[in-house]
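Take a moment to look over the fold before reading on. We will walk through it one piece at a time.

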Amino acid sequence: MSSRFIIYALHHPDSPRVYVGKSSSGLTRPKNHGMPSYMKMYSRYPVVRWIAKRRALGHEFQIAVLEEHASAEALIEAERFYIALFRSLGMSLLNVTDGGEGIGGYKHTTQT
């Protein structure tokens with residue numbers, strides 16, 4: 001099945017860090033993380049800083065499709081599942097929330 005509804009991970013073999021995301025546009029959404037306009041707009045997010053650091057080292061992030069779905073409805077729970085699973089395994093995630101919709105659950109720092 002080649003679905004536009006996917007759960008994906010951004011990673012690189014030389015890095016212990018991983019980002020889990022969901023997409024209703026197939027591989028377009030994960031690829032957008034590395035687009036200059038996206039990186040400029042979201043430069044404060046850990047995943048964007050991680051991508052910039054990888055590129056400074058001459059490396060490009062990789063995309064792994066973790067799951068494919070027939071519709072967007074299942075994506076929210078699936079993303080939350082993978083974030084919780086990877087955290088329970090002690091993986092170093094770049095996600096700032098527990099997953100789901102947008103950045104709900106994001107805790108602003110006192111500096112913000």
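In which helix is Arg54 found? Arg54 is found in helix 3. Keep that residue in mind, as we will come back to it. Note too that this is a predicted model.

Start with the overall plan. The protein has four helices and four strands. Read from the N terminus, the elements follow the order β-β-α-α-α-β-α-β. The protein has 112 residues, and 37% of them are buried. About 6800 Å² of the protein is exposed, and carbon and sulfur atoms supply 55% of that area. Now consider the contacts with a separation of 6 or more. Residues 24 or more positions apart make up 55% of them.

Next, find the sheet. It is an open sheet of four strands, with mixed pairing and the order 3-1-2-4. Strand 3 and strand 4 are the edge strands, as each pairs on one side only.

Look at strand 1, residues 5-11. On one side, five bridges join strand 1 to strand 2, and the two run antiparallel. A hairpin connects strand 1 to strand 2 through five residues. One place to see the pairing is Ile7, which stands opposite Lys22 in strand 2. Strand 1 also pairs with strand 3. Here seven bridges join the two strands, which again run antiparallel. Ala9 has Ala64 in strand 3 as its bridge partner. How enclosed is strand 1 by the rest of the structure? Six of its seven residues are buried, so strand 1 is largely enclosed.

Now turn to helix 3, which spans residues 46-56. Its buried residues are Val47, Val48, Trp50, Ile51 and Arg54. They fall within an arc of 160° when seen down the axis, so they line one face of helix 3. A simple rule of helix geometry helps here. An α-helix has 3.6 residues a turn, so residues three or four places apart point the same way. What covers the buried residues of helix 3? The cover includes strand 1, strand 2 and helix 2. On the other side of helix 3, Lys53 and Ala56 are exposed. Just past the end of helix 3 comes Gly58, with a positive phi of about 85°.

Back to Arg54. Is Arg54 buried or exposed? Its relative accessible area is 7%, and buried means under 20%, so Arg54 counts as buried. Which residues does Arg54 touch, leaving out those up to four places away in sequence? They are His12, Asp14, Ser15 and His59. Take Asp14. Along the chain, Arg54 and Asp14 are 40 residues apart. In space, their C-alpha atoms are separated by 9.0 Å.

Step back along the chain to His33. This residue sits in the loop between helix 1 (28-32) and helix 2 (36-41). Its relative accessibility is 0%, so His33 counts as buried. Its side chain makes a polar contact of 3.2 Å with the side chain of Tyr38. Beyond its neighbours within four places in sequence, His33 is in contact with Tyr8, Leu10, Tyr19, Tyr38, Met39, Val47 and Ile51. Two of these names should be familiar: Val47 and Ile51 are among the buried residues of helix 3.

Finish with helix 4, residues 75-88. Helix 4 has 14 residues and reaches 20 Å from its first C-alpha to its last, close to the 20 Å expected at 1.5 Å a residue. Which residues of helix 4 are buried? They are Leu75, Ala78, Glu79, Tyr82, Ile83 and Phe86. These residues cover an arc of only 130° around the axis, so they lie on the same side of helix 4. Glu77 and Ser88 are exposed on the other side. The cover over the buried residues of helix 4 includes strand 1, strand 2, strand 3 and strand 4. Just after helix 4, Gly90 takes a positive phi of about 85°.

Now put the pieces together. Strand 1 and strand 2 help to cover the buried residues of helix 3. Strand 1 and strand 2 are also part of the cover over the buried residues of helix 4.

Conventions: Residues numbered from 1 in each chain as written. Predicted model: local features only at pLDDT ≥ 70, side-chain atom pairs only at ≥ 80, totals over all residues. Heavy atoms only, no water. Buried < 20%, exposed > 50% of the residue type's maximum accessible area, 1.4 Å probe, protein only. Contact = heavy atoms within 4.5 Å. Areas by Shrake-Rupley, 256 points an atom, 1.4 Å probe, with all protein chains shown as cover. Polar contact = N/O pair within 3.5 Å; in protein donor to acceptor, adjacent residues only side chain to side chain. Expected span 1.5 Å × (residues − 1). Arc of directions from axis to C-beta. Pairing = 2+ DSSP bridges.
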